[in-house]
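Student: Could you take me through one part of this protein up close? I'd like to see how a single piece sits among its surroundings.

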Amino acid sequence: MTPNIVFLDEYSLGGADTQALRSLGNYTSYETTEADQTVARSLDADIVITNKVLMDRAVIESLPRLRLICVAATGTNNVDLEAARERGVAVKNVAGYSTHSVAEAAVGAAIALFRQSLYYDRYTKERYAASGLQFHFGRPTRQLHGARWGIVGLGNIGREVAKIATVLGCEVRYTSTSGVVREEPYPAVALSELLPWADIVSVHCPLNSRTHGLIGAPELSLMKHSAILVNVARGGIVSEPGLAEALDRGKIAGAALDVFEHEPLPAESPLLHIKEPDRLLLSPHNAWSAQEAVRVLVREIARNITEFLA
């Protein structure tokens, strides 16, 4: 029997070619799906693909044909795994597809902050032509070579960042948020020791009960005034009000965020109203979205479906 496949939020692939998915069954896709549309759109589905559309117990129990939920991402926190298990519904995610993309985004953000790229881009476009001077030194810049890089969470992405940072000449240490310390080529230290040591702190741990609010005002106060913070993991790990205050008071030099506690970022967020916007580099949760990574994601979703049907 040809399966009915429904993709509830295909916009999350950024317009990628989905022929590999369409060829696997009777395929229906929606750009976005609101919570009150999920059941109606999935009612005849044997397979549901979702990135961020919530598949909670009420939804799962309302879909008698459902056999497989494919998460078009690494995390499965938008699926009630217990309800799926009770109903005999398989759940498959895609791990590791964006490791290089996210790691490169983290390193790129650190370089942009160290080189004051936001400031110098704006200066060159707005003031350089009329300056009469070949050089401009409005903001001091720094190099990564010789810097201390602290990593919060040494999973696949954190390990890739550590590798790149080492090649660029940084000294790397890390802290484990799970409490599990493995044999690694980098020293493991407590967060309270890592923060005052590092010139760059990048966050790569999952969001859970241990890591929610992990870096708030007290932790930010431990960091060097010259240090920067990069979060490409999950919103909620870093306190956004605490970070905005730390930037405004010069407690840290800069920050880059790709993730936020509420997405999209609310207009009233303190992050959008800091005194010196050049201190803060923001992106809309797209560190994972390199075209090469998205192609891998589509391929692996198709593989998950194919293996399940087999």
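Tutor: Sure, let's pick helix H11, and keep in mind that this is a predicted model. A good place to start is the far end: H11 is followed by glycine 250, which has a positive phi, near 70°. The helix itself covers residues 240-248. At its N-terminal end you'll find a cap, serine 239, with a side-chain oxygen 3.1 Å from the backbone nitrogen of glycine 242.

Now look at which parts of H11 are tucked away. Its buried residues are Glu240, Gly242, Leu243, Ala244, Ala246 and Leu247. When you look at that list, remember a handy rule: an α-helix has 3.6 residues a turn, so residues three or four places apart point the same way. And what lies over these buried residues? The cover includes helix H10 (217-220) plus three strands, E9 (228-231), E10 (254-257) and E11 (280-282).

Glu240 deserves a second glance, since this buried residue of H11 also helps line the largest cavity. Sharing that lining are Asn231, Gly235, Gly236, Val238, Leu257, Val259 and Phe260. Sorted by class, the lining has four nonpolar, three polar and one charged residues. The space inside is about 30 Å³, and the structure has one cavity of 30 Å³ or more.

So, on your screen, follow H11 from the serine 239 cap, past buried residues such as Leu243 and Leu247, and on to glycine 250.

Conventions:
Residues numbered from 1 in each chain as written. Predicted model: local features only at pLDDT ≥ 70, side-chain atom pairs only at ≥ 80, totals over all residues. Heavy atoms only, no water. Buried < 20%, exposed > 50% of the residue type's maximum accessible area, 1.4 Å probe, protein only. Helix = DSSP H or I, 4+ residues; strand = E, 2+ residues; numbered from the N terminus. Contact = heavy atoms within 4.5 Å. Polar contact = N/O pair within 3.5 Å; in protein donor to acceptor, adjacent residues only side chain to side chain. 1 Å grid on protein atoms, 1.4 Å probe; cavity = no way out; pocket = protein on both sides within 12 Å on 5 of 7 lines; lining within 4 Å. Points joined across faces, edges and corners; volume = space filled by probe spheres on them. Nonpolar A, V, L, I, M, F, W, Y, C, P; charged D, E, K, R; others polar.
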